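Please open the structure in your viewer and keep the sequence panel beside it, since each stop below asks you to select something and then look at what surrounds it.

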Amino acid sequence: MSEINMTPLVDVMLVLLIIFILTVPVITHSVKLDLPRAANQVNEVKPETVDLSITVDGGLYWNEQKLEQAQFEQQLVEMAAKQPQPELHIRADRKVEYEHVAQAMAAAQRAGVQKLGFVTEPGK
């Protein structure tokens, strides 16, 4: 047999047509109401951000203030306790050893920091 049997296709299409005819009035049925109008503004709470800078020699700067490792970990614990929790943005020098960045990230994780990001310069 070299021809396609169209009868099953037509049957399926008729069944789909009947289903659509029955369901469309149910979907569009709604109660007409004249709702009150009010002007409001969206209250967006932008979380605070903390800039952590890491220099080539491994120095830590918390919002441009130099910190020692113990002070840094204490600041992280205080930051993690805030609600909403601030975002930690890490800005590392291009030539800093990865170990310093990894240690800072591990300290943030231990403190319970949930939001961590990296600040870079756009490429050319």
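The tour goes from the whole chain to the core, then to one strand, and ends in two loops.

Begin with the whole chain, bearing in mind that this is a predicted model. Coloured by secondary structure, the protein shows three helices and five strands, which follow one another along the sequence as α-β-β-β-α-β-α-β. Turn the C-alpha trace along its principal axes and you will find that it spans about 80 × 60 × 35 Å. The radius of gyration is 30 Å, whereas a compact globule of 124 residues would have one near 14 Å. Show the surface next: the accessible area comes to about 10,600 Å², with 57% of it belonging to carbon and sulfur atoms, and 18% of the 124 residues count as buried. If you colour by charge, look for 11 positive and 16 negative side chains, the centres of the two sets lying 5 Å apart.

Now select L52, I54, W62, F72, L76, L88 and V113, which touch the most other members of the largest nonpolar core, a set of 18 residues. Two or more residues of this core come from each of β1, β2 (60-62), α2 (69-81), β4 (87-92) and α3 (98-111).

Stay with I54 and display its surroundings; beyond residues up to four places away in sequence, I54 touches G59, L60, I90, R91, A92, D93, V96, H100, V101 and A104.

Which strand holds S53? Select residues 49-54, strand β1, and S53 will be found there. With a relative accessible area of 16%, S53 is buried, because the cut-off for that class is under 20%. Apart from neighbours within four places in sequence, its contacts are G59, L60, Y61 and R91.

The last stops concern backbone geometry, and a general expectation helps here: most residues other than glycine have a negative phi, and most peptide bonds are trans. Move to the loop between β2 and β3 (65-67), where N63 lies and where E64 is also placed. N63 has a positive phi of about 50° without being a glycine, and E64, likewise not a glycine, has a positive phi near 70°. Are these residues buried or exposed? N63 is partly exposed at 39% relative accessibility, while E64 is exposed, with a relative accessible area of 75%.

Finally, select P84 in the loop between α2 and β4, and inspect the peptide bond from Q83 to P84, which is cis, with omega near -10°.

Terms used:
Residues numbered from 1 in each chain as written. Heavy atoms only, no water. Helix = DSSP H or I, 4+ residues; strand = E, 2+ residues; numbered from the N terminus. Rg over C-alpha atoms; globule rule 2.2 N^0.38 Å. Buried < 20%, exposed > 50% of the residue type's maximum accessible area, 1.4 Å probe, protein only. Areas by Shrake-Rupley, 256 points an atom, 1.4 Å probe, with all protein chains shown as cover. Lys, Arg positive; Asp, Glu negative; His and termini not counted. Charge placed at Lys NZ, Arg CZ, Asp CG, Glu CD. Contact = heavy atoms within 4.5 Å. Core = buried A, V, L, I, M, F, W, Y, C linked by side-chain atoms within 4.5 Å.
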